[in-house]
Amino acid sequence: MIHPYQFLELIDDETPVGFDLWLFHETQHVHLQSPTGWRTFAVKKKNEIVAQVRFHIHDGIARASLKSPFGTIQSDKEFPVEILFSFIQFFEDELKKNGVNTIVLKNPPVLYAPHQLEILSVSLLNFGYQITNAEIGAVMKLEGSFEEKIDSWEARKVSQAEASGLTADQWELGKLETVYNFIHDCRIERGQSLSLSYNEVKEIVHIFPDRFLLSVVRDKEKLAAASIGIKINKHILYNFYSAHPKEYDQVSPVVLLLKSLYQYCKATQIDLLDLGTSALAGKPNVGLLDFKL
């Protein structure tokens with residue numbers, strides 16, 4: 001039986017995509033990671049793309065994620081397993097023709113697309129792919145109230161923070177530099193760093209202003225916590241960077257910050273709040289992971 005799917009390499013982005021592309025898979029974002037060196041493979045059904053993956057090629061290595069938290073095969077919900085297998089074989093063959101000997105994919109948390117990502121993970125293992133880096137993430141479903149999601153100790157922290165006069169809200173993007181510098185200084189205080197410079201973040205925000213959210217906790221006019229959130233698509237908010245200074249450790253203002261993010265998500269019909277992974281040098285950052293969980 002002849003199936004209605006066509007495997008192809010995309011030269012342009014004129015063909016409509018039949019699913020909501022994650023931000024890190026969009027053309028403008030991958031070109032921010034590198035303006036050249038990309039190849040895009042897709043599966044077309046009728047007149048739209050139903051699966052797609054982008055690779056950056058360098059020194060025989062094809063990476064679906066170059067300077068982003070993840071990059072992988074994305075597809076619509078109805079994408080058949082049989083066609084997925086054929087698609088993997090297709091882009092492997094095409095890449096090998098051009099001297100590629102290593103293919104690297106990095107999946108987002110399974111909750112981003114449970115059905116597709118579970119099938120994709122098993123399919124890649126069947127093809128002989130190996131897991132080289134596994135990180136534990138924390139993702140909150142927007143169901144019920146924030147207080148129902150957290151343990152009693154953290155709920156007390158929220159009450160204490162509110163009782164002490166701390167307030168949480170969202171800021172306009174014009175205050176990006178203030179928020180970035182605050183988070184940067186908090187990270188430096190703890191002997192940590194940020195993966196992107198201010199100019200790099202500013203460039204991404206300039207291109208995707210509707211995808212970024214600045215949230216803060218204030219102690220009167222003083223910042224006690226802040227975060228830079230990224231809307232991966234209309235259903236997912238990723239807490240990209242967040243921090244608070246050591247002087248507020250006892251108050252734990254980040255819990256109040258997360259409550260603000262949770263309420264924002266519920267008010268804007270966002271389904272998932274991704275708190276990110278918790279790792280240092282490839283190993284779990286147990287303290288941070290416990291807090292997120």
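Me: In which loop is S252 found, and what is its phi in this model?

Reply: In this predicted model, S252 is found in the loop between β11 and α8. Most residues other than glycine have a negative phi. The phi of S252, by contrast, is near 55°, a positive value in a residue other than glycine.

Me: Is S252 buried or exposed?

Reply: The general idea is to compare relative accessibility with a cut-off, and buried means under 20%. S252 has 12% relative accessibility and therefore counts as buried.

Me: Where is D59, which also has a positive phi, and is D59 buried or exposed?

Reply: D59 has its place in the loop between β3 (48–58) and β4 (61–63), and its phi is near 50°. Since exposed means over 50% relative accessible area, D59, at 66%, counts as exposed.

Me: Returning to the loop that holds S252, what can be said of H244?

Reply: H244 is found in that loop, between β11 (236–243) and α8 (253–267), and at 14% relative accessibility H244 counts as buried. Leaving aside neighbours within four places in sequence, H244 is in contact with several residues, including F182, C186, R190, D249 and P253. The C-alpha atoms of H244 and A226 are separated by 6.8 Å, although these residues are 18 residues apart along the chain.

Me: How should I read the cysteines, and how many disulfides are there?

Reply: The test is whether a pair of cysteine sulfur atoms lies within 2.5 Å, and by this rule the count comes to zero disulfides. C186, one of the contacts of H244, counts as buried at 3% relative accessibility, and C265 counts as buried at 0%.

Me: Turning to the whole chain, how many helices and strands are there, and how does the radius of gyration fit the globule rule?

Reply: The protein chain has nine helices and 14 strands. Its radius of gyration is 21 Å, close to the 19 Å that the globule rule gives for 293 residues, so the chain is as compact as a globular protein of that length. Along its principal axes, the C-alpha trace spans about 70 × 35 × 35 Å.

Me: What do burial and contacts add to that picture?

Reply: Buried residues make up 47% of the 293 residues, and among contacts with a separation of 6 or more, residues 24 or more positions apart account for 71%.

Me: What does the chain expose, and how far apart are the mean positions of its charges?

Reply: The protein chain exposes about 15300 Å², of which carbon and sulfur atoms supply 51%. The mean positions of the 30 positive and 37 negative charges are 2 Å apart.

Notes
Residues are numbered from 1 along each chain as its sequence is written. This is a predicted model: local features need pLDDT of at least 70, side-chain atom pairs count only at pLDDT 80 or more; totals for chains, interfaces and linings use all residues. Side-chain values use heavy atoms; hydrogens and water are left out. Helices (H or I, at least four residues) and strands (E, at least two) are DSSP runs, numbered from the N terminus. The radius of gyration is taken over C-alpha atoms; the globule rule is 2.2 Å times the number of residues to the power 0.38. Buried means under 20% relative accessible area, exposed over 50%, partly exposed in between (1.4 Å probe, protein chains only). Contact means heavy atoms within 4.5 Å. Accessible areas come from the Shrake-Rupley method with a 1.4 Å probe; for residues, only the protein chains shown count as cover. Lys and Arg count as positive and Asp and Glu as negative; His and the chain ends are not counted. The place of a charge is taken as NZ of Lys, CZ of Arg, CG of Asp or CD of Glu.
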